[in-house]
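Open your viewer and get ready to select a few residues at a time. We will go from stop to stop, and at each one you can check what is there.

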Amino acid sequence: MSERHPPPAMTIAEAVTALHRGDLVAIPTETVYGLAADARNPDAVGKIFALKGRPADHPLIVHISGPEQLIQWAREVPDAAYRLAERFWPGPLTFILNKRDDVPDEVTGGQATVGLRCPDNALTLELLRRFQGGLAAPSANRFGRISPTSAQHVRDEFGERAPLILDGGSCTVGIESTIVDLSRTPARILRPGRIGIEQLRPYLPGLQAGAQTGSPRVSGDMAAHYAPRTPLSMLRRDRLIEEAHERDAVVLCIGELPAGLVGVALDDDAEAYARQLYASLRWLDQQQAACILLEQPPEGPAWLAVTDRIKRAIVGSNPK
Ligand code: TXA
Ligand code: MG
């Protein structure tokens, strides 16, 4: 952590005070930075929507310090949720469960379920323990834009309006949590993430994947999301090299950067790629090129979540 920031202990105390006061705090998690408010305080939660420019009917995830808090938010907690929490928490897995009546509608977008997760970041876990409540937090970016994976990204997103930021360094996972809907049988993955269907199936027989059409409930489910401003497209490597030479393009490649091209080359390991994806898109977006050309990642389950985010970024970056 750099010297410009106060020591973590002090920062956590400040964050607790700010949250109890009803202010927003940007928090580090292993996936992406969150824009947090006291989930029991509707006015505080309202500030999240105002700052993000997010439609009010989009539900938020409540971050909690551990499985023992599930029952404070969920009406009933199936055994599978406890077994999954035992295996994967703290970690990048969010449960959708039927909510208790006292969970504010502002948090759930007025629906009967609530999203819950225990993030794997030491600062934020300590904050949650000291705060002694739940923190409603979407990703700390303006609506539809690229999620932040460092404190600096949060500053870049909000500028003067940036809230107090707990600086926990760079996010280790780099893409948002897997969301699994446990409020229905069979359970369903609503958003893919680092934790894949094969890891979850042993706990959830019959587990399905893919949001059902017509459901507006998962904002990450909308086709356009996580988007840079520069038009983004995905090509096979040979085509990408040809096109990049013809156009004023920057490129996002896998393995080695082709000679003569400007851009970023990411690791061919899917987890390492995911960790760098959003920071790379942000950097590429700043280069003021005519377009960003992205090398098509390999097929297969390890790349599913990354490919999902890329496809949404493509749609979001190409306004019709
Ligand atoms: O990794 C993450 O999940 C990050 C970090 C900050 O924890 N958070 C995150 O939040 O990605 P957000 O708001 O950008 O995305 C949360 C997703 C949204 O797509 C939202 O619609 C969905 O979770 N969600 C939340 N509550 C839900 C519910 N009750 N039913 C269905 N979807 C829900
Ligand atoms: Mg988001």
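A disulfide is counted here when two cysteine sulfur atoms lie within 2.5 Å of each other. Keep in mind that what you are looking at is a predicted model.

**Stop 1: the cysteines**

How many disulfides does this rule give? The count comes to zero. To see an example, select cysteine 171 and cysteine 118. The sulfur of cysteine 118 is the closest cysteine sulfur to that of cysteine 171, yet the two are 15 Å apart, too far for a bond. Cysteine 171 is also buried, with a relative accessible area of 4%.

Now select cysteine 291, which is in no disulfide either. Its nearest cysteine sulfur belongs to cysteine 253, 12 Å away. Cysteine 291 counts as buried, at 2% relative accessibility.

**Stop 2: helix α6**

Next, select residues 151–158, which form helix α6. Which of its residues are buried? They are Ala151, His153, Val154, Glu157 and Phe158. These residues cover an arc of only 155° around the axis, so they sit on the same side of α6. In general, an α-helix has 3.6 residues a turn, so residues three or four places apart point the same way.

Show the elements around this helix too. The buried residues of α6 pack against β1 (25–27), β2 (34–38), α2 (42–52), β7 (164–165) and α9 (270–285). Then step past the end of the helix: α6 is followed by glycine 159, which has a positive phi, near 55°.

**Stop 3: the nonpolar cores**

Select Leu93, Phe95, Leu116 and Leu182. Within the largest nonpolar core, which has 48 residues, these four touch the most other members. Among the elements that each supply at least two residues of this core are α3 (79–88), β5 (113–117) and the helix you just visited, α6.

Zoom in on leucine 182. Leaving out residues up to four places away in sequence, leucine 182 touches Pro78, Ala81, Leu84, Phe95, Ile96, Leu97, Ala187 and Leu204.

There is also a second, separate core, with 27 residues. To find it, select some of its members, including Ile175, Leu252, Tyr273 and Leu284.

**Stop 4: a loop valine**

Finally, select valine 103, in the loop between β4 (93–98) and α4 (105–108). Is valine 103 buried or exposed? With 2% relative accessibility, valine 103 counts as buried. Beyond its neighbours within four places in sequence, valine 103 is in contact with Arg40, Trp73, Thr108 and Val114. Try one distance as well: from C-alpha to C-alpha, valine 103 and arginine 75 are 9.9 Å apart in space, while 28 residues separate them in sequence.

Conventions: Residues numbered from 1 in each chain as written. Chains lettered and ligands numbered in written order. Predicted model: local features only at pLDDT ≥ 70, side-chain atom pairs only at ≥ 80, totals over all residues. Heavy atoms only, no water. Buried < 20%, exposed > 50% of the residue type's maximum accessible area, 1.4 Å probe, protein only. Helix = DSSP H or I, 4+ residues; strand = E, 2+ residues; numbered from the N terminus. Arc of directions from axis to C-beta. Contact = heavy atoms within 4.5 Å. Core = buried A, V, L, I, M, F, W, Y, C linked by side-chain atoms within 4.5 Å.
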